[in-house]
Amino acid sequence: MSIGAQVDPVAMFGPADAGLRRLEALAGDTRFHVRGHDVTVTGSQANVDAAVRVLGEMRKLAAAGQPNDPETVERLWGEPAAGADVLGANILSHRGTSIRPKTFGQHQYVNAIRNHTITFGTGPAGTGKTYLAMAMAVTALQHREVARIILTRPAVEAGEHLGFLPGSLDEKIDPYVRPLYDALHDMIDPDHIKTLLDTGVIEVAPLAYMRGRTLNDAFIILDEAQNTTFEQMKMFLTRLGLNSTMVITGDTSQVDLPGGTRSGLRAAGDILSGVDDIAFMELTSKDVVRHRLVTAIVDAYDHWTLAHTPGENHPRNKGRRSR
């Protein structure tokens, strides 16, 4: 096949052909011979067909200016649905870096946010639930689709007791909302973040501060929602005002509430699953975009839990009603 004279070979194959070498390793007995802008693929027919498919997607990404690193090639090989149309769908650009879905599941999640007023995004750590929601919020603000961004999470400690925290109110809540600030710094210049926070265009606050409010013309993100109670989740959802979008993210396998307290996130899935304009998206270990070991760790813990916990008490099922 020809990659075309207009395609940069470095973008196509990666620096030092790292992307091509990764494809060669994934494709078993397949071998690649590159001469100029032409690539010859040899091997068993099934592997050759798969490799040619991936090369076609790599060419589309390279033509769009996105280099094919080994991680991208792995996703193209392992998840055929996550082709160039998915991996090349840019949400936000900042300082030369593009934020985009990296898996088909993430692509569906982003589309759900675009097309629904309320979206629930659940899944294990590293699947981009909060990060992609934040990118969608910043994009909506930049396009003047909303007037402000509101970021909130419950002030629940993850298995640790921090005790009394000194300092001002902002300093006391900072440990709980720090992950939200980290994501913001990837998307907005630090000096501009301070201005947006000072003027209230971006608000970061504990969930308790949402009570009694009506949130109009806002993009609202509730993070770590598995640690909301039944009552807190109802309170939060009923804050929705006109021309607003809500995204609720969490991992139902990591509930840090006191024993016996039902997670508001789990309950919401049972109660609201049939309500129009509310989407429920579940990301999996296939959507983890951190270090490759994170996927292995998530899968290993899930397999161990399934083997050692009765079905009704499994962390992903506990507290749910059958439908």
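Visitor: What makes the six strands β7, β6, β8, β9, β5 and β10 an open sheet?

Guide: In this predicted model, 6 strands stand in the order β7-β6-β8-β9-β5-β10 with parallel pairing. The strands β7 and β10 are at the edges with a single partner strand each, so one side of each has no neighbour in the sheet. From one strand to the next, the twist averages 15°.

Visitor: Why are β5 and β9 called paired?

Guide: Two strands pair if there are at least two bridges between them. Strand β5 (residues 118-122) and strand β9 (residues 245-250) have 5 bridges in the parallel sense, and therefore count as paired. One of the bridge partners is M246 of β9, which faces I118 in that role.

Visitor: Which helix lies across β5, β6, β8 and β9?

Guide: That helix is α7, which runs at about 170° to β8. Helix α7 also gives the most to the largest nonpolar core, with 9 residues.

Visitor: Which members of the largest nonpolar core touch the most other members?

Guide: They are L151, M187 and F219, out of 35 residues. Among the residues that L151 touches are M134, L180, I202 and I221.

Visitor: What makes the contact of α2 with α4 a mixed one in terms of nonpolar, polar and charged residues?

Guide: The residues of this contact divide into 6 nonpolar, 1 polar and 2 charged. Gly counts as polar, while Glu and Arg count as charged, so G19 is the polar residue, and R22 and E74 are the charged ones. The axes of α2 and α4 are 8 Å apart, at an angle of about 35°, and the crossing is right-handed.

Notes: Residues are numbered from 1 along each chain as its sequence is written. This is a predicted model: local features need pLDDT of at least 70, side-chain atom pairs count only at pLDDT 80 or more; totals for chains, interfaces and linings use all residues. Side-chain values use heavy atoms; hydrogens and water are left out. Axes are lines fitted to C-alpha atoms, for helices over the stretch in contact, and angles run from 0 to 180 degrees between N-to-C directions. Helices (H or I, at least four residues) and strands (E, at least two) are DSSP runs, numbered from the N terminus. A crossing is left-handed if the near helix is turned anticlockwise from the far one by less than a right angle, and right-handed if clockwise. Contact means heavy atoms within 4.5 Å. A nonpolar core is a set of buried Ala, Val, Leu, Ile, Met, Phe, Trp, Tyr and Cys residues joined through side-chain atoms within 4.5 Å. Buried means under 20% relative accessible area, exposed over 50%, partly exposed in between (1.4 Å probe, protein chains only). Lists of a residue's contacts leave out its neighbours within four places in sequence.
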